[in-house]
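Colleague: I'm new to this structure and would love a close look at one small part of it. Could you pick a single spot, walk me through what surrounds it, and then show me how the wider fold is put together?

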There are 2 protein chains.
Amino acid sequence: MTWSQALSESTGATVFLKNEHFQHTGSFKLRGALNKVLSLSSREKEKGVIAASTGNHGLGVAYAARIAGVPAAIYVPETASPIKVRGIAALGAEVRLVSGDCLEAELTAKKVAATQDQVFISPYNDIDVIAGQGTLGKEMLEQVSDLDAVFVSVGGGGLISGIAGYLKAMKPNVTIVGCWPKNSPILLEWIKAGRAIDVPEFPTLSDATSGSPETDTITFPYCQKWIDETVVVSEEEIGDSIRLIAESESSMIEGSAAVAVASLIRAGKAFRGKRVGVLLCGRNIDFGKFRSLIAPSH
Amino acid sequence: MTWSQALSESTGATVFLKNEHFQHTGSFKLRGALNKVLSLSSREKEKGVIAASTGNHGLGVAYAARIAGVPAAIYVPETASPIKVRGIAALGAEVRLVSGDCLEAELTAKKVAATQDQVFISPYNDIDVIAGQGTLGKEMLEQVSDLDAVFVSVGGGGLISGIAGYLKAMKPNVTIVGCWPKNSPILLEWIKAGRAIDVPEFPTLSDATSGSPETDTITFPYCQKWIDETVVVSEEEIGDSIRLIAESESSMIEGSAAVAVASLIRAGKAFRGKRVGVLLCGRNIDFGKFRSLIAPSH
């Protein structure tokens with residue numbers, strides 16, 4: 001991790017950034033996908049894996065499958081951005097376009113996987129995927145052994161479940177802070193309600209954490225058990241954090257990563273004097289969006 | 001290294017980026033400084049090291065000294081940006097402000113080092129510093145063993161001397177391409193003239209490579225011997241490359257890194273079908289400058 005002068009000075013905490021936006025494919029998703037692919041039997045590897053995603057998970061599965069020499073088919077809604085589709089194809093995965101939206105692509109992918117007896121790789125609802133993301137918790141603790149708290153953005157909950165699972169076993173006094181955009185705090189509302197409920201959702205810069213998790217996801221009980229504190233941030237705070245990291249760290253980060261930064265700033269005073277890790281989970285932001293967020297007129 | 005889809009498609013070469021802008025302190029300078037500091041005797045380490053720089057070299061020396069537990073004093077012209085001075089101080093180095101410009105700071109630093117019998121760490125005119133930068137050549141070859149060419153920006157020549165020295169020993173058929181901004185091609189003009197000459201210089205986005213090297217620098221004969229091809233690029237090409245990397249790789253890079261990218265694009269056709277490494281040497285770009293370069297109106 002790298003010490004952040006700007007965030008440390010503005011919060012009074014000693015802030016370390018886990019720069020996972022530097023990861024291959026531009027996000028942490030490769031970790032879970034690679035652990036999953038490497039855990040398969042020879043027969044499963046030969047048959048190839050299936051996933052559905054237009055974003056970071058699709059890139060992660062394609063890259064992991066390439067490393068492991070396993071065929072991969074990624075189901076993508078036909079409305080997906082051609083650039084992202086080309087990125088997945090360039091990594092060697094077979095892209096299969098599905099008419100309809102993301103949910104259609106996912107349902108089709110699952111059906112095909114079941115029919116052909118192939119492994120479907122979920123982006124979060126899979127213990128091997130969660131364990132792969134957990135390697136981030138291991139690295140954070142190796143790099144800064146006396147952490148008091150970690151800030152992690154939550155979508156499907158796979159990332160924070162993996163990190164928290166490791167930290168709760170190895171260093172249970174580390175405070176796990178779950179971070180959400182106000183416009184899409186679905187798992188947070190589930191935690192409050194104690195069960196999966198309908199949560200209204202609005203567009204958010206944190207597109208990588210948006211969308212409802214599967215109601216039976218194994219990440220839900222993990223999040224209920226392991227998340228110690230929660231923070232919710234506005235779209236303006238997310239945009240400001242993208243700009244702050246560009247200005248102070250010379251790094252582009254995507255909205256989901258900025259949710260963790262914005263949450264630290266919002267929660268700041270409570271962590272004064274503490275040693276805090278902030279996970280920058282990805283950098284795959286639309287260039288036009290990034291450019292307008294950092295524009296002087298903004 | 002990471003394969004670049006955008007640069008590969010636009011040049012017809014297979015292009016790999018060495019993402020050294022992700023390095024601690026935001027540039028490669030840490031490598032040479034760390035090798036130098038670690039090569040010192042116990043007595044030299046105890047006495048502490050001295051350097052002069054407001055930029056990447058100052059950060060690199062401060063960080064390396066901190067890792068090695070060696071005191072460091074960095075001489076800085078009083079006109080230097082307060083943010084950069086704070087960055088160096090935050091790494092634990094003692095900042096000593098000097099009235100006058102960068103040359104004044106350097107001369108003062110050298111005089112003090114000589115008087116106090118301390119080691120002065122040059123940014124490029126030092127075999128241990130050059131060897132440290134050479135670790136980049138080793139890594140590039142480990143990561144992509146069948147490289148045909150590497151593109152490296154040249155200022156004082158320490159970076160390209162280190163990389164070329166390694167590659168010429170281990171894989172002499174790799175073409176070493178030296179890259180310069182048209183506004184400051186000093187070592188290139190020396191190579192053409194066969195000796196150190198006065199070269200007019202104009203402001204450039206590649207501030208990290210600007211300024212005249214010492215006329216007796218040991219990098220000059222290395223560059224004469226090892227650089228196989230040279231490319232010169234305009235300010236517009238440098239700016240376009242900063243924008244291209246932001247758009248296609250979601251990364252901020254500084255002008256000196258963009259010189260290598262722009263040079264590949266300019267030389268493109270000659271490398272069609274080849275496997276090419278491009279060194280992205282740093283990301284420490286002024287935020288306002290970056291913002292205006294990627295603005296839509298630009």
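Modeller: Happy to! Setting aside neighbours within four places in sequence, B:Ser153 is in contact with B:Leu159, B:Cys179, B:Thr209, B:Ser256, B:Val259 and B:Ala260. Please keep in mind that this is a predicted model. B:Ser153 belongs to strand β7 of chain B, which covers residues 149-153. With a relative accessible area of 6%, B:Ser153 counts as buried, because the cut-off for that is under 20%.

Two of its contacts can be described atom by atom. The side chain of B:Ser153 reaches the backbone oxygen of B:Ser256 at 2.6 Å. That side chain also reaches the backbone nitrogen of B:Ala260, here at 3.4 Å. You can also look across to B:Val231: it is 78 residues away from B:Ser153 along the chain, yet their C-alpha atoms are separated by 9.5 Å.

Now follow B:Ser256 to another serine. B:Ser206 sits in the loop between α9 (186-193) and α10 (219-226) of chain B. Beyond its neighbours within four places in sequence, B:Ser206 touches B:Pro181, B:Gly255, B:Ser256 and B:Val259. B:Ser256 and B:Val259 are thus contacts of B:Ser206 and of B:Ser153. B:Ser206 is buried too, with a relative accessible area of 0%.

For the wider fold, let's turn to chain A. There, six strands form an open sheet in the order β1-β2-β10-β7-β8-β9, with mixed pairing. At its edges are β1 (2-3) and β9 (229-233) of chain A, each pairing on one side only. In general, the strands of a sheet pair through backbone hydrogen bonds, either parallel or antiparallel. In chain A, strands β2 (residues 14-18) and β10 (residues 275-279) run parallel and are joined by five bridges. Within that pair, A:Leu17 stands opposite A:Val278. Helix α7 (residues 127-143) of chain A packs on the sheet, where it touches β2, β7 (149-153) and β10 of chain A, and its direction makes about 135° with that of β2(A).

One last stop is a pair of helices in chain A. The axes of α11 (residues 235-249) and α13 (residues 287-294) of chain A come within 9 Å and cross at roughly 85°, so α11(A) is roughly perpendicular to α13(A). From α11(A), A:Gly239, A:Ile242, A:Arg243 and A:Ala246 meet A:Phe290, A:Leu293 and A:Ile294 of α13(A). Sorted by class, this contact has five nonpolar, one polar and one charged residues.

How values were computed:
Residues numbered from 1 in each chain as written. Chains lettered and ligands numbered in written order. Predicted model: local features only at pLDDT ≥ 70, side-chain atom pairs only at ≥ 80, totals over all residues. Heavy atoms only, no water. Helix = DSSP H or I, 4+ residues; strand = E, 2+ residues; numbered from the N terminus. Buried < 20%, exposed > 50% of the residue type's maximum accessible area, 1.4 Å probe, protein only. Contact = heavy atoms within 4.5 Å. Pairing = 2+ DSSP bridges. Axes fitted to C-alpha atoms, helices over the stretch in contact; angles between N-to-C directions. Parallel < 35°, antiparallel > 145°, perpendicular 65-115°, else oblique. Nonpolar A, V, L, I, M, F, W, Y, C, P; charged D, E, K, R; others polar. Polar contact = N/O pair within 3.5 Å; in protein donor to acceptor, adjacent residues only side chain to side chain.
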